[in-house]
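Visitor: Please give me a close look at a single part: the surroundings of ligand 1. Set that part in its wider frame as well.

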Amino acid sequence: MKSWTWDSDWPAPAKLNLFLHVVGRRADGYHLLQTVFRFIDRADTLRFAPRADDRIVLATPIPGVPPDSDLTVRAARLLQQATGCTQGATISLDKRLPMGGGLGGGSSDAATVLLALNHLWQTGLSRPALEKLGLGLGADVPVFVHGRNTFAEGVGEAFTDLELPAASYLVLHPAVNVPTAAIFGAPELRRDTPPIETAKWRPGQGHNDLEAVACSKFPEVATHLAWLKQHAPEAMMTGSGACVFAGFARRSAAEAVFRALPAGFDGWLADGLAEHPLAKI
Ligand SMILES: C[C@@](CO)(OP(=O)(O)O)[C@H](O)COP(=O)(O)OP(=O)(O)OC[C@H]1O[C@@H](n2ccc(N)nc2=O)[C@H](O)[C@@H]1O
Ligand SMILES: Nc1ncnc2c1ncn2[C@@H]1O[C@H](COP(=O)(O)OP(=O)(O)O)[C@@H](O)[C@H]1O
């Protein structure tokens, strides 16, 4: 098994929501979901360096995101607070996943920080304890800590793990940053999809309730989805967008559609992972 050290490149993979139903709303306004999370082999990469002081320093700030609100820095400080740890770290982030893309990039970065520093600082929190801690940073963080492809309920923190068949995905990235809160806050969002029975879900079933809202607010999402649906009718948006995707049992089939991508459309191919690369740390 791989050994993870201060010198390692720490992966923070993207997720796809293979479907996403909004089945209700909590008293605090958060939405109750049913969704399946699948990890894919497209990822941000993080590196960590020990420090002589207790500071958390982000060596590679993202333009437009103040370091103090960056999810990587917030995750590291939260772990310090939760454990009383007095060690610091310098974090470097190689950002590859688009922000506001529905791929969970920021959440995945935060989860990788929790898993990596808990290991490197030897703070000893269990995976369920880290999942709980992560929920305080965002609804999408626990699944990346959890590390298994999974059927999620609640706000996305109650898991029933799944074995998913191998699949390749063509992911299209419309050039817009979709703010998750604006999609969930839209009055026209359907919030009453009847819950499905977890054990009965099969790949290809379900839809994304956030898709209609994102398509009407961001026409680029609608255009990309319409094009992809011509080639793969089951194409869908992931999360609150902006990215849309289609799954294929054979990589060659995904490649054939990718080759037909019109000029001006950004997209890439990815393979589904059997689990998160840090699932066994
Ligand atoms: C929609 C999903 C599906 O996986 O993914 P993304 O599109 O963000 O990748 C997630 O539920 C997003 O999770 P995450 O991006 O962590 O959301 P958070 O930061 O917790 O919440 C941002 C805002 O979205 C709204 N929100 C989020 C999750 C949820 N179940 N109900 C909500 O109403 C709330 O208004 C919240 O203030
Ligand atoms: N390390 C980070 N990477 C990406 N986004 C971050 C990060 N830290 C904070 N954010 C904020 O979180 C927002 C959502 O980003 P992200 O998780 O990548 O998208 P999504 O929720 O659509 O999957 C960004 O627009 C940004 O303002």
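Guide: What follows starts with the ground rules, then goes from the whole chain to the ligand shell.

This is a predicted model, so local features need pLDDT of at least 70 and side-chain atom pairs count only at pLDDT 80 or more, while totals for chains, interfaces and linings use all residues. Residues are numbered from 1 along each chain as its sequence is written, and chains are lettered from A and ligands numbered from 1 in written order.

First, the frame. The protein has eight helices and 10 strands; these are DSSP runs numbered from the N terminus, helices being H or I of at least four residues and strands E of at least two. Its radius of gyration is 19 Å, close to the 19 Å that the globule rule gives for 281 residues, so the protein is as compact as a globular protein of that length. That radius is taken over C-alpha atoms, and the rule is 2.2 Å times the number of residues to the power 0.38. The C-alpha trace spans about 55 × 45 × 35 Å along its principal axes.

The protein is divided into domain 1 (10-161) and domain 2 (168-271), with bounds from an automatic or database domain assignment. Their C-alpha centres lie 22 Å apart. Domain 1 puts 25 residues into the contact and domain 2 puts in 32; two residues are in contact if their C-beta atoms, placed from the backbone, lie within 7 Å. On the domain 1 side, β1 and β2 give two or more residues each. β1 gives the most, with 10 residues.

Now ligand 1. Its shell holds 20 residues, the closest being Gly138, Asp140, Phe184, Gly239 and Ser240. A residue enters the shell if its C-beta atom, placed from the backbone, lies within 6 Å of the ligand. Both domains take part, with at least three residues from each. β1 (10-25) and β2 (31-50) supply at least two shell residues each, and so does α5 (180-184). The shell divides into seven nonpolar, 12 polar and one charged. Here Ala, Val, Leu, Ile, Met, Phe, Trp, Tyr, Cys and Pro count as nonpolar, Asp, Glu, Lys and Arg as charged, and the others, Gly among them, as polar.

Ser240 leads on to Leu210. Leaving aside neighbours within four places in sequence, Leu210 is in contact with Ser240, Gly241, Met237, Ile183 and Leu20. Leu210 lies in the loop between α5 and α6 (211-217). Buried or exposed: which is Leu210? Leu210 is buried, because 27 other C-beta atoms lie within 10 Å; 20 or more make a residue buried, 12 or fewer exposed, and counts in between partly exposed, with C-beta atoms placed from the backbone. By that rule, 41% of the 281 residues are buried.

UniProt, in an unreviewed entry, places the feature "domain: GHMP kinase C-terminal" at residues 209-265. UniProt positions are given in the numbering used here, feature names are shortened, and annotations may be inferred rather than shown by experiment. The span 209-265 is 51% helix and 12% strand, and its end C-alpha atoms lie 24 Å apart.
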